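Please walk me through this protein in the viewer, one selection at a time. I would like to know what to pick next and what is found there.

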Amino acid sequence: MSGPSVLWAFSGELVDGGDMACYPECSPWCACVNGVCEPSPVVINAVRLRTRDGRTVRPGVPDTDAVLVATSAAASAWADVFLLAGPARWPMNSGDTVSLLACDSTWAPSPYLVRVEHGARLKHPPDPHDGTPLAYYVMGGDDTRVWASRPFLPGYPAYRADDPMEWEFTVLTAGGGQLPAMGEISLRIGQTRIDEGPYYFAVPDGQDGTTVTGAGRTAFTAETVFVAEFIEVRTGLGVRPPAIRCQRCAAVVGTVTGGSSRQPVPGAQLSASGSALSPNHPMTAVTGADGTYQLSDPHRHSCLPEGELTVVASADRYQDTAVAVNVPEQGRVTVDVFMPCTKVQGIVVEQVGSSWLPLPGVEVDLVYPDGADPLQIAVTDPVNGTFTFECVRHTDVRLSTDGATPVTVRVPAAGPQPVTLVVSRGCARVTGTVRDEAGNPVEGATVTVITTPSGIYQATTQRDGTYVLPRVCLTGLQPMKAGKPGFLSASANPTPFLPASGTVVVDFVLRSVSPTPRPTHVMDCTLVWGAAVPAPRDLDSHMSGPDPSPAGNRWHCFYPQPSRSPVPFVRLDTDDTDYSGPEHIVVSPLQAAGSADRMVAGDYHYWVRNYSGEQSFAQSDARVTFLVDGVAVAHFYASQALGDPAERLWRLFDFTIAADGSVTLSRLQSNGQTAAHGYFMTDPGDATRL
């Protein structure tokens with residue numbers, strides 16, 4: 001490009017903000033000074049021109065050869081800006097020479113320099129040698145226009161292309177002296193080679209889109225005065241903004257808590273990730289004793305770039321936890337992190353046939369092999385036999401329960417897969433003493449361990465109140481009771497834990513029967529049948545019992561509605577049809593307005609029907625547990641029942657509620673034998689027969 005050098009050179013070396021001594025990187029228009037981002041010095045290198053009435057001076061067609069116009073029409077911001085070129089330096093004084101260069105769309109110098117047209121003139125008198133009139137060209141004057149263009153082509157005699165006089169102008173202020181950053185100026189065109197002019201840039205009228213001419217004859221008139229705004233621009237950035245934010249970042253702080261009590265987690269390690277962060281520039285933190293943290297880099301820069309990040313927390317005994325955060329452009333943002341405990345979960349089962357049936361109330365021990373932590377103990381759920389240890393260390397742990405082979409698992413942050421402990425039953429010796437309220441031994445009391453597949457365990461106390469059960473082949477929590485006519489039955493409390501071997505002492509205290517108040521109980525008959533295949537897919541719980549209404553008929557509780565609750569004090573919870581269970585039939589005290597709750601006296605019968613019938617009871621691992629007030633009184637197993645398992649009904653037990661509210665479980669008799677686990681019989685069709 002012919003013409004002057006652009007004042008990009010004197011604007012100084014542009015600072016890109018890339019000094020990593022500052023983090024995040026300094027934004028454009030800023031520089032890193034001693035680890036702090038500061039606005040870079042202002043370097044004036046461009047100007048905007050407007051008329052007094054607010055019209056903007058710009059090329060009529062930006063980014064091409066075009067005349068300048070004064071217009072109020074909207075255009076791209078870069079089209080209004082002219083870069084300073086030529087020998088002048090900012091600050092400038094009135095009378096300095098300046099050239100103007102249009103911007104392109106990237107705010108870089110374009111090839112279009114501001115130029116004024118020239119006109120032809122004849123020199124008078126003619127040449128004295130031969131009398132021929134001489135022709136000269138003049139910059140500005142009548143009918144000349146101002147352009148933003150590449151060099152004009154040669155044309156008039158004596159005109160040489162790209163004459164500096166067409167693009168070098170003198171900037172003037174009315175009062176002289178240093179130019180203000182915003183103020184009124186006139187632009188004088190270079191003196192011509194003959195005694196004519198000087199001329200000035202002019203906007204001859206107030207019409208929108210009027211062409212800027214070089215015909216102004218006097219400075220600072222309404223048509224030759226312009227409002228100049230001297231500014232700084234940078235390629236790719238545009239005009240320097242009036243307010244500069246050198247970093248768009250914020251501090252990230254918070255508190256890490258964990259566990260069900262949400263206590264602070266000291267020593268948790270946190271890290272941030274996201275596209276806003278520079279590669280290989282970690283932002284991390286470690287929580288203090290109170291669980292608080294603030295993210296920072298290795299150089300202690302604690303301002304994280306604006307944008308979306310993910311904060312990840314990890315700590316021993318807790319699950320790794322990620323929290324998304326949108327970091328603002330300034331200030332700080334609080335990101336509190338809750339870390340769920342790392343859990344070790346599992347189930348304790350006993351094997352019955354081909355099924356594993358859960359063992360409720362069994363104590364499970366967790367031990368750290370390194371011995372750094374004390375023994376932890378959990379008791380299996382009273383219904384499903386599951387157990388859970390909370391906030392377990394991320395290391396190897398050993399799980400055990402009496403009668404089962406210990407299992408060692410490695411605990412990751414998310415917790416291991418559920419653990420199954422299979423109990424192999426052994427036999428223990430159970431002994432103890434039964435006394436009355438006064439501490440006297442009770443002779444002739446019956447002590448019973450509730451049955452399981454191993455059989456019925458009963459003993460009678462001697463004169464000194466002692467009893468011995470020499471071989472009880474059960475493990476885990478096993479309900480026991482003692483009773484004698486004239487006394488209220490007593491259950492062992494707490495429920496004793498029977499080991500696979502050794503001796504356990506269980507004592508009882510019997511209280512004399514008192515006529516008042518009548519006891520109330522909740523009976524729960526729970527049916528489960530495993531998930532072994534092939535097996536009967538759908539077993540159904542049935543119960544019949546006394547109706548206290550005047551009609552006095554026996555009711556029948558089973559799966560269809562409304563028969564699931566035939567009377568207010570009996571209810572079947574669900575009809576399970578897919579191999580598993582459980583199904584519960586619950587008998588509760590009868591509630592009557594204006595009177596105390598009472599048990600409905602009479603005989604209750606319970607049985608199970610093989611509803612689907614695709615397999616016989618011989619393929620079933622079904623178990624029924626009879627619970628009184630949440631305590632298992634007896635277990636019944638289809639595999640131990642008498643009779644033909646091909647029959648559709650499994651008749652299990654009766655129980656009687658006496659007028660005084662006491663409950664007696666009656667085991668069935670079949671052909672002179674006590675059917676400890678019930679017996680199989682043909683479908684009677686009419687439930688009232690049961």
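## Stop 1: the cysteines

Select cysteine 30 and cysteine 246: both are buried (buried means under 20% relative accessible area, exposed over 50%, partly exposed in between, with a 1.4 Å probe and protein chains only). The two form a disulfide with an S to S distance of 2.1 Å; a disulfide here is a pair of cysteine sulfur atoms within 2.5 Å. The torsion about this S-S bond is -80 degrees, and the link is left-handed. Cysteine 30 belongs to strand β1, while cysteine 246 sits in the loop between β19 (238-239) and β20 (249-258), so many positions along as to make the pair 216 residues apart, a link between distant parts of the chain.This is a predicted model, in which local features need pLDDT of at least 70, side-chain atom pairs count only at pLDDT 80 or more, and totals for chains, interfaces and linings use all residues. Residues are numbered from 1 along each chain as its sequence is written, and side-chain values use heavy atoms, with hydrogens and water left out.

The structure holds five disulfides. For another one, select cysteine 26 and cysteine 37, whose sulfur atoms are joined at 2.0 Å. The torsion about their S-S bond is about -90 degrees, so this disulfide is left-handed. Cysteine 26 lies in the segment before β1 (30-33) and cysteine 37 in strand β2 (residues 36-39), so the bond ties together parts that are eleven residues apart in sequence. Cysteine 26 and cysteine 37 are both buried.

Next, pick cysteine 249 and cysteine 303, a disulfide with its sulfur atoms 2.1 Å apart. The torsion of 95 degrees about the S-S bond makes this link right-handed. Cysteine 249 is in strand β20 and cysteine 303 in the loop between β24 (292-294) and β25 (304-305); the pair links distant parts of the chain, 54 residues apart. Cysteine 249 has a relative accessible area of 5% and is buried.

Which cysteine sulfur is nearest to that of cysteine 525? The sulfur of cysteine 557 is, at 9.7 Å, and cysteine 525 is in no disulfide. Cysteine 525 counts as buried, at 1% relative accessibility.

## Stop 2: the whole protein

Zoom out and colour by secondary structure. The protein has zero helices and 60 strands (DSSP runs numbered from the N terminus: helices are H or I with at least four residues, strands E with at least two). Of its 690 residues, 48% count as buried. The accessible surface is about 31700 Å², and carbon and sulfur atoms account for 50% of it; areas come from the Shrake-Rupley method with a 1.4 Å probe, and for residues only the protein chains shown count as cover. Among contacts with a separation of 6 or more, 62% are between residues 24 or more positions apart, where contact means heavy atoms within 4.5 Å.

## Stop 3: a hairpin

Select residues 56-71. Strand β4 (residues 56-59) and strand β5 (residues 66-71) run antiparallel and are joined by four bridges; strands pair if DSSP finds at least two bridges between them. Threonine 56 stands opposite threonine 71. The two strands form a hairpin with six residues between them, and aspartate 63 in the turn has a positive phi of about 60 degrees.

## Stop 4: two open sheets

Select β22, β23, β26 and β27. These make an open sheet of four strands in the order β23-β22-β26-β27, paired antiparallel. The edges are β23 (284-286) and β27 (321-327), each pairing on one side only. From one strand to the next, the twist averages 20 degrees (axes are lines fitted to C-alpha atoms, for helices over the stretch in contact, with angles from 0 to 180 degrees between N-to-C directions). Seven bridges pair strand β26 (residues 307-314) with β27 in the antiparallel sense, and threonine 310 has alanine 324 in β27 as its bridge partner.

Now move to the open sheet of four strands ordered β33-β32-β35-β36, where the pairing is antiparallel. At its edges stand β33 (376-379) and β36 (407-410), each with a single partner strand, so one side of each has no neighbour in the sheet. Neighbouring strands of this sheet are turned by 25 degrees against each other on average, direction ignored. Strand β32 (residues 363-367) pairs with β33 over four antiparallel bridges; there, aspartate 365 is matched with isoleucine 377 as its bridge partner.

## Stop 5: a proline in a loop

Finally, select proline 546, in the loop between β50 (539-545) and β51 (555-557). Is proline 546 buried or exposed? At 14% relative accessibility, proline 546 counts as buried. Leaving aside neighbours within four places in sequence, the contacts of proline 546 include Trp555, Phe569, Val600 and Tyr604. Another contact is Ala601; the C-alpha atoms of proline 546 and alanine 601 are separated by 7.5 Å, with their positions 55 residues apart along the chain.
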